[in-house]
Amino acid sequence: MSWLTKTLTSSIGKKVLMSLTGLFLCTFLLVHLIGNLQLFKDDGGYAFNKYAVFMTTFPVIKVVSYVNYALILFHAFWGLYLEFQNRQARPVRYAVVKNSSTFSSRNMAILGTILLVYIVVHMGDFWYKFHNEPLPYVQYTENVTTGEVVTQKMPETYTQEVKMVEMVNEAAGTRTYVVKDLYEQVGISFKSPLLVIFYILGMIAVGYHLYHGFQSAFQTLGWNHPKYTPLVKFIGTWIFAIAIPLGFAAMPIYFFLQ
């Protein structure tokens, strides 16, 4: 395995690791956004709360989640390590910045550090509280025939051993769920203007980071072709650098304005 070790510790190998982990995290961002768009449903949090339980209890998703957490840390600290090596190799910075470089490419390490702080705050606000704090519970009763959902807050003293309990009443044609109300926690958190501003700034950092990082990853992996490069640039710019950050930024704004 010495060849693999030599490859991964070479200058190109280190960049390949950054590219592969970065593209995996881009995929996670897209999936995460699609799931979180359920926050915009006018159903009292029914779809989002069920989604939150599924994402934290389904075994395959749990494994992928822990891999994702590890890759976030690896990607962040590996990027800082590569930046440190670059500065060691060039202790005196260029007096003139080339016009071809962008703000994103010149500040990837700073943007990555901002994102790491953002992720820690985000995980503390929602992931940690959902797993470890006594959040309120809510009951949803769905009419199987009509799809109508009736929402009822559970008493503050109510608790249960699992995140969600499902009960089916075939005679009444209803399906009832009692679930931890993460949706309410989201609404409470985003009533803070400082937190909303922090999230928006975090998404601006995401946009700049992905604007350079997505395209750079494909270049590092050798995908640099006149036919495909414009498509990569289009996807990197309009989907990952603009649409995804805007989608995430719209969530705190939506709850703040409600």
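## A pocket, ring pairs and three residues

The second largest pocket has a volume of about 150 Å³. This is a predicted model, in which local features need pLDDT of at least 70 and side-chain atom pairs count only at pLDDT 80 or more, while totals for chains, interfaces and linings use all residues. Residues are numbered from 1 along each chain as its sequence is written, and side-chain values use heavy atoms, with hydrogens and water left out.

A pocket here is an open set of points on a 1 Å grid over the protein atoms alone, where a 1.4 Å probe fits, with protein on both sides within 12 Å along at least five of seven lines; lining residues have an atom within 4 Å of a point. The volume is the space filled by probe spheres set on the points.

Among the residues that line the second largest pocket are I200, M203, G207, Y211, P245 and A249. Helices α8 (193-220) and α9 (229-257) each supply at least two residues of this lining, and the largest share, 6 residues, comes from α8. Helices are DSSP runs (H or I, at least four residues), numbered from the N terminus. The lining divides into 10 nonpolar residues, 1 polar and no charged. Ala, Val, Leu, Ile, Met, Phe, Trp, Tyr, Cys and Pro count as nonpolar, Asp, Glu, Lys and Arg as charged, and the others, Gly among them, as polar.

The table sets out three residues by helix and accessibility. Buried means under 20% relative accessible area, exposed over 50%, and partly exposed in between (1.4 Å probe, protein chains only).

| Residue | Helix | Relative accessible area |
|---|---|---|
| N49 | α3 (residues 46-57) | 0%, buried |
| F74 | α4 (residues 59-89) | 31%, partly exposed |
| Y211 | α8 | 33%, partly exposed |

Contact means heavy atoms within 4.5 Å. Not counting residues up to four places away in sequence, Y211 touches S104, T237 and A241. With the same exclusion, N49 touches V138, Y140, V179, K180, D181, L182 and Y183.

The structure holds 22 aromatic pairs. One of them, F74 with W78, is stacked, at 5.3 Å centre to centre and 15 degrees between the planes. Rings of Phe, Tyr and Trp (its six-membered ring) pair if their centres lie within 6.5 Å; planes under 30 degrees apart count as stacked, over 60 as edge-to-face and the rest as tilted. F74 and W78 are 4 residues apart in α4, about one turn of the helix. Ring pairs also link a cluster that includes F40, Y118, Y183 and F255.
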